[in-house]
Amino acid sequence: MTHQILTSRLEIHPMRPEEWPDVREMFLDFETSPEAIYDYPLPTTEEKAKEQVKVWSDSGYFYSVCLKDSSEVIGYLCFCGEQLREMGYSFKKKYQGQGYAQEAAQEMIAQMKQMGVKRIIAELALENLPSRKLIERLGFTQIGTKKHLFRKETEVEQVCGIFEKKL
C-alpha cells in the first residue's frame, strides 16, 4: 500500500522517516504507561528514535495514523509478514480511549483482505486489558497462549494470548 486511506476521522499512510518526532512522543508515552511492562522497550533518544522510524518506514509494514487535516501522527499500526500478517499498534496517550485505534485497525484489516491476506494474528499479554478488549472488538479469537519475557531486567514472564482473525 503506497497511498493514503481516509476514514471518517483519520488518514492512514505508510510511515515516513520524517515522522520520527511524533513516533518518539509515542515511545516516551509508552515508557510511562502501565502497559509498558507488556512489551519490549522502545528507543527514546532522538538518534535511536530516528533510526527506528527509518527502519520501520523502509520495511513497508508500518502505517502512520493522523487525524484528518492534521500532519500529527497520533498512532501507528504494523502488519508484518505476507499472507499471514502479525498486527501491532500504539497510540499517543492523549488519543487513547476514543476509538481511533479501532477505526484505523478496522480499515487496515479491510485493506489487508483486499490485498489477499488470509489471516492476521496478534500476540499480547493477557493482563493488558485495553489491548485485549480492542483485539476482541476487532473480531479476533484467542487460539493459544505462551509465556513471554518482554523485559529481561524484570525477569517476569507474562502470559501472552495468541489471537487470530481469518479474512
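Q: Which residue in E2 is the bridge partner of Leu6?
A: In this predicted model, Leu6 has Glu11 as its bridge partner in E2. The strand before E2 is E1, residues 5-6, and the two pair in the antiparallel sense over 2 bridges.

Q: How many residues does the hairpin use to join E1 to E2?
A: The hairpin that joins E1 to E2 runs through 3 residues.

Q: How many bridges join E2 to strand E3, and in which sense do the two run?
A: E2 and E3, the latter covering residues 62-67, are joined by 5 bridges and run antiparallel. One position to look at is His13, whose bridge partner in E3 is Ser64.

Q: Why can strand E2 be called largely enclosed by the rest of the structure?
A: Burial is judged residue by residue, and a residue counts as buried when its relative accessible area is under 20%. In E2, residues 10-14, 4 of the 5 residues are buried, so the strand is largely enclosed by the rest of the structure. For the whole chain of 167 residues, the buried share is 44%.

Q: What describes a pair of aromatic rings?
A: Two values describe such a pair: the distance of the centres and the angle of the planes. Planes over 60 degrees apart count as edge-to-face. In this chain the count is 6 aromatic pairs. One of them is formed by Phe27 and Trp56, with 5.7 Å centre to centre and 90 degrees between the planes, which is edge-to-face.

Q: Which parts does the pair of Phe27 and Trp56 tie together?
A: Phe27 belongs to helix H1, residues 20-31, and Trp56 to helix H2, residues 46-59, so their pair ties together parts that are 29 residues apart in sequence. Phe27 and Trp56 are both buried. Together with Phe62 and Tyr76, they form one aromatic cluster.

Q: What are the distance and the angle for Tyr95 and Tyr100?
A: The rings of Tyr95 and Tyr100 are 6.1 Å apart, centre to centre, with 70 degrees between the planes, and this aromatic pair is edge-to-face. Are these two residues buried or exposed? Tyr95 and Tyr100 are both buried.

Q: How many helices and strands are in the chain?
A: The chain has 4 helices and 8 strands. Along the sequence, their pattern is β-β-α-α-β-β-β-α-β-α-β-β.

Q: What share of contacts joins residues at least 24 apart?
A: Taking the contacts between residues at least 6 apart in sequence, 60% join residues at least 24 apart.

Q: What does the accessible surface of the chain come to?
A: The accessible surface is about 8,800 Å², and carbon and sulfur atoms hold 50% of it.

Key: Residues are numbered from 1 along each chain as its sequence is written. This is a predicted model: local features need pLDDT of at least 70, side-chain atom pairs count only at pLDDT 80 or more; totals for chains, interfaces and linings use all residues. Side-chain values use heavy atoms; hydrogens and water are left out. Buried means under 20% relative accessible area, exposed over 50%, partly exposed in between (1.4 Å probe, protein chains only). Contact means heavy atoms within 4.5 Å. Accessible areas come from the Shrake-Rupley method with a 1.4 Å probe; for residues, only the protein chains shown count as cover. Rings of Phe, Tyr and Trp (its six-membered ring) pair if their centres lie within 6.5 Å; planes under 30 degrees apart count as stacked, over 60 as edge-to-face and the rest as tilted. Two strands pair if DSSP finds at least two bridges between them.
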